[in-house]
Structures are given as C-alpha cells and as structure tokens.
Amino acid sequence: MDFRDLRYFEVIAEEGHVGRAAERLYKTQPALTKCVDRLEDELGAPLFERVGRGIRLTAVGQALLNRARRIGLMMDETAREIGDYANGREGNIRLGCVPTLAEHILPGICEQLLAEAQKVTIDLKVSMNDALLAGLKAGELDIVLGPMIQSDDVFHTEEIMQDEMVVMASASHPIFKQKIRLRTLLEHQWVLPATSVLSRQWLDNVFDRHHLARPSVQITPTVLNMIMPLIERSNLLGFASRLNLGAGRGKLREVPLKETIMLRRMGLTYRRDMYLSPAAQRLIGIIRRQTGAPTD
C-alpha cells in the first residue's frame with residue numbers, strides 16, 4: 001500500500017469530491033481515480049459510494065481514513081524526530097496556551113526555558129481551549145496549557161495549578177451601588193466568549209440551575225484577552241480569572257457573589273502517541289517546577 005495513495009485518499013475523503021480533491025492536490029482526476037482503484041484492489045472492498053453529485057465513505061473507507069490519519073501523524077512525527085537528532089537541534093515546540101496563562105504564567109516559563117536551551121524554537125498559539133484541543137487532536141500542537149480535560153487513551157493531562165473565575169466589572173460600574181444577587185447580574189449587559197468555551201457554559205449553567213434567564217451578551221470576542229479592556233472601559237460585566245485583579249488592572253473590581261465563583265483546574269495536556277522533542281520535554285519539566293506540579 002503506497003503512502004502517497006493514503007495521503008491522496010485522505011484529501012478525497014475530506015472533500016467528498018474527486019474534482020475538488022484534484023484541484024487541492026494539483027493532480028488530475030484520472031490520477032486520483034487510479035489511486036482509489038489501487039487501494040480498493042488492495043483491500044478487496046469499495047471505499048466510496050456515490051451520493052448526488054459527490055461521494056461518501058463506506059464503512060471500510062471510514063476505517064481506512066482513521067488509520068490513514070494515524071499513519072500520517074506518525075510519519076510527520078518521525079520526520080521531526082529524525083530532523084532534530086540529525087541536525088543537532090534542541091528541538092521545536094508547538095505550544096498552545098489559553099490567554100490567561102499566556103499573559104500571567106507563560107512569560108516566566110519561557111524565560112527559564114530560553115535560559116536553559118538557547119537554540120529552542122517555539123511556535124505559540126494563543127486561543128480558546130476548544131480551539132487548542134482541536135489543534136492537539138489534529139497533531140498541529142505538541143502541548144496545550146489550559147483547563148483540565150479528562151485523561152484517556154489519547155490524551156495525558158496533569159494539573160499544574162488552580163485558578164478561580166469570577167464576575168468582574170469596572171470599578172465605577174453602577175452595579176456596586178446595588179444589592180448584588182444573581183438576578184442583579186441580569187439587569188446589565190455582558191461581554192463573554194462563545195458558548196463553546198467551558199467557562200461560558202459553566203456560567204450559563206449557574207443561571208439555568210436557578211431557573212433564571214441567561215446573561216444578555218452584547219459583545220462576544222474571539223480573542224479572550226480583549227475582554228479585560230472592554231470591561232474596564234464600559235459598563236459591561238465579564239467573567240474572567242482572578243489573576244487579572246492582581247496584575248495591575250486597578251480599574252477592575254470583582255462582583256462578589258459565591259454562586260458565580262468557578263474553580264478551574266489548569267492543566268498541561270499532550271497526546272500519548274506524539275513525539276515530544278527534547279525541548280518539549282524540557283519545557284514540561286520547567287512547567288512542573290515553576291507551578292509546583294508533581295513530576296512523573
């Protein structure tokens with residue numbers, strides 16, 4: 001079974017159309033059709049079935065696609081590992097980090113890493129946790145720093161610190177002249193991340209459990225670190241880490257309410273089957289030391 005055939009098959013499966021796959025791969029349609037024919041002859045079963053003007057995977061095709069993706073990741077990781085050793089590099093790290101940790105925790109960690117490994121290179125992606133985990137699952141990231149997830153056969157997760165999310169407002173917000181209850185929060189507009197973000201889901205569930213309407217969101221930023229400046233310069237309420245209150249943001253103030261205090265376990269996550277460069281392994285050690293997390 002030719003590895004290039006598997007690569008081409010993966011693109012055909014993603015596009016659901018041989019013509020679009022040919023455009024994406026800069027190949028001719030007959031060449032891709034022959035690729036599918038070779039794989040089907042090898043496996044003795046059809047990989048696609050026609051549906052309308054396109055095609056879709058058969059059960060055999062779906063099984064092969066899952067395997068092809070795993071093989072592709074393995075080949076990419078092998079190339080990176082051999083490259084690190086052959087070229088004498090200390091390695092490259094593809095690091096994903098949620099904005100809160102990127103702002104308050106990551107600078108000190110990077111300072112220590114660069115002091116110990118001056119030749120290391122870092123590709124840093126700062127985003128919401130759902131986007132980071134998708135990148136990790138796709139093999140685009142090596143390590144993610146963000147809210148804990150459940151460890152399983154694919155992901156290894158370990159706790160590195162605990163954080164609290166609280167409702168915040170500008171220090172001059174009129175809410176501080178009111179008696180603050182859960183219902184009081186619904187009298188004001190909010191700035192919150194998308195509903196796919198765990199902290200937003202948790203906050204919405206608080207109001208659901210009390211049989212109240214959910215917060216009225218006026219601004220939904222895709223970049224989480226935009227929330228703090230928006231809260232400071234408006235009468236919008238927000239939900240963010242307490243780390244922001246102790247980081248020189250004097251214009252921010254916590255809206256005290258025990259029902260809306262969310263404990264977050266922050267973790268370090270990586271794929272169990274993924275190659276970690278020497279630099280990535282060094283980074284993990286530094287994170288454990290600086291956060292007081294237990295070592296393996």
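A pocket, as the word is used here, is an open set of grid points where a 1.4 Å probe fits, with protein on both sides within 12 Å along at least five of seven lines. In this predicted model, the largest such pocket comes out at a volume of about 510 Å³. Its lining is made up of 20 residues, and R69, L73, K137, A138 and R271 are the ones that lie nearest the centre. Charge dominates the count: 14 lining residues are charged, against 3 polar and 3 nonpolar. As for where the lining comes from, α1 (3–15) and α4 (59–86) each put in at least two residues, and α4 has the largest share, with 8.

Turning to the interior, the largest nonpolar core holds 32 residues, and I93, L106, I143, L145, L268 and L283 make the most contacts inside it. Helices and strands both feed this core: β3 (92–97), α5 (99–104), α6 (106–116), α7 (129–137), β5 (143–147), β6 (155–170), β11 (262–271) and α11 (278–291) each give two or more residues. The top contributor is α11, with 6 residues. I143 gives a good look at the packing: beyond its neighbours within four places in sequence, it touches R94, L95, G96, L136, L268, T269, L276, A280, L283 and I284.

Elsewhere, there is a hairpin to look at. Strands β1 (residues 48–51) and β2 (residues 54–57) run antiparallel and are joined by 4 bridges, with F48 sitting opposite L57 of β2. Just 2 residues separate the strands, and G52, in the turn, takes a positive phi of about 60°.

Technical notes
Residues are numbered from 1 along each chain as its sequence is written. This is a predicted model: local features need pLDDT of at least 70, side-chain atom pairs count only at pLDDT 80 or more; totals for chains, interfaces and linings use all residues. Side-chain values use heavy atoms; hydrogens and water are left out. A nonpolar core is a set of buried Ala, Val, Leu, Ile, Met, Phe, Trp, Tyr and Cys residues joined through side-chain atoms within 4.5 Å. Buried means under 20% relative accessible area, exposed over 50%, partly exposed in between (1.4 Å probe, protein chains only). Contact means heavy atoms within 4.5 Å. On a 1 Å grid over the protein atoms alone, a cavity is a set of points where a 1.4 Å probe fits but cannot get out, and a pocket is an open set with protein on both sides within 12 Å along at least five of seven lines; lining residues have an atom within 4 Å of a point. Grid points are joined across faces, edges and corners, and a volume is the space filled by probe spheres set on the points. Ala, Val, Leu, Ile, Met, Phe, Trp, Tyr, Cys and Pro count as nonpolar, Asp, Glu, Lys and Arg as charged, and the others, Gly among them, as polar. Two strands pair if DSSP finds at least two bridges between them.
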